[in-house]
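Student: Could you pick one loop here and look at it closely, then work outward from it to whatever it connects? I'd like one joined-up account rather than a list.

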Amino acid sequence: TGITDEMLVQSGVDCKKVVSNFVDYINTYSEICDNVVMIAHNNDGFDELFLRFHIQKYCNNKSLPKNIIFIDSMRLAQLTLTHMKFFSQQTLCKYYNIENQHAHRAVYDAKTLQKLFKVIMNQFNQKFGSSDFRFMKQKLQNPFSK
C-alpha cells in the first residue's frame, strides 16, 4: 500500500507500541483458545514473514504463541480451485462476485478476505472432507498427503 514507517511516525503511530500490543493481544487470545488462526492472502510469501520481521525488529523479547496457525488463502484457492489460472484476491473476488469498494484499506480488505475465505473453505471442505484448520495447514504443506 506504500505506507512507510516514516508516514506512521509522522501521524503519531509508535510502531514498537503497535507491534508489541498486537503480540500481547494474540498471546492473551491464545491462552483462552485452543488455536489462534491467522488468515492472509499470499501469507506464505508476505504476511507471516512481514509480521515475524517486525516482531523481531520492534520487540525481540516477544514471540507469537506456539498454537498459532497461519493459513494462506491464496494457496488454499490454488489447491481447491484447480480449474483456475490466476489467484489474486481481486481475481477470486471477481469470480465469486465479492465486492471490495475500498481495496488496500485494512478493514475493508479484512472483511473482503473473510467473505472470500468462507467460500474457499467451504469448497476445501467439499473436496477434502474437512474444514479443520490443522488439517488444512497440513494439506497446504503437503498437498499429496492423505
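**From one loop outward**

Tutor: Let's start at asparagine 97, which sits in the loop between H5 and H6. Keep in mind that we are looking at a predicted model. Asparagine 97 counts as exposed because its relative accessible area is 71%, and the cut-off for that word is over 50%. Its backbone is worth a glance too: phi is near 55°, a positive value in a residue other than glycine. As background, most residues other than glycine have a negative phi.

On one side of that loop is helix H5, residues 89–96. Glutamine 90 belongs to this helix, and with 69% relative accessibility it counts as exposed. If you want a distance from there, take threonine 112: the two residues are 22 apart along the chain, and their C-alpha atoms are 9.8 Å apart. On the other side of the loop comes helix H6, residues 106–128.

Now for the empty space. The largest pocket holds about 2200 Å³. It is lined by 48 residues, and those closest to its centre are Ala40, Asp47, Ala106, Asp109 and Ala110. H5 and H6 are among the elements that give two or more residues to this lining, together with H1, H2, S1 and H3. The top contributor is H3, with 8 residues. By residue class, the lining splits into 28 nonpolar, 13 polar and 7 charged.

With H3 giving the most to that lining, let's follow it next. H3 covers residues 43–58, and together with S1 and S2 it forms a right-handed β-α-β unit. The turn into this helix has its own backbone oddity: asparagine 42, in the loop between S1 and H3, has a positive phi of about 70° although it is not a glycine. Asparagine 42 counts as partly exposed because its relative accessibility is 30%.

Inside H3, the buried residues are Asn43, Glu48, Leu51, His54, Ile55 and Tyr58. Their cover includes S1 and S2 as well as helix H1 (5–10) and helix H2 (15–32). Glutamate 48 deserves a stop of its own. It lies in H3 and counts as buried because its relative accessibility is 18%, where the limit is under 20%. Leaving aside residues up to four places away in sequence, glutamate 48 touches Asn43 and Phe70.

Phe70 carries us to strand S2, residues 68–72, where 5 of 5 residues are buried. Ile68, Phe70 and Asp72 point one way from the strand, while Ile69 and Ile71 point the other, and all are buried. The partner of S2 is strand S1 (residues 36–40), and the two pair in the parallel sense over 5 bridges. Within that pairing, isoleucine 39 of the pair stands opposite isoleucine 71 in S2.

From S2 you can step to helix H4, residues 73–80. This helix is largely enclosed by the rest of the structure, because 6 of its 8 residues are buried. Those six are Ser73, Met74, Leu76, Ala77, Leu79 and Thr80. They pack against S1 and S2, and against H5, H6 and helix H7 (133–141). That brings us back to where we began, since asparagine 97 is in the loop between H5 and H6.

Finally, zoom out to the chain as a whole. Its secondary structure comes to 7 helices and 2 strands, running α-α-β-α-β-α-α-α-α from the N terminus on. The C-alpha trace spans about 45 × 35 × 25 Å along its principal axes. Of the 146 residues, 34% count as buried. Among contacts with a separation of 6 or more, 65% come from residues 24 or more positions apart.

Definitions and conventions. Residues numbered from 1 in each chain as written. Predicted model: local features only at pLDDT ≥ 70, side-chain atom pairs only at ≥ 80, totals over all residues. Heavy atoms only, no water. Buried < 20%, exposed > 50% of the residue type's maximum accessible area, 1.4 Å probe, protein only. Helix = DSSP H or I, 4+ residues; strand = E, 2+ residues; numbered from the N terminus. Pairing = 2+ DSSP bridges. Right-handed = clockwise from strand over helix to strand, strands pointing away. Contact = heavy atoms within 4.5 Å. 1 Å grid on protein atoms, 1.4 Å probe; cavity = no way out; pocket = protein on both sides within 12 Å on 5 of 7 lines; lining within 4 Å. Points joined across faces, edges and corners; volume = space filled by probe spheres on them. Nonpolar A, V, L, I, M, F, W, Y, C, P; charged D, E, K, R; others polar.
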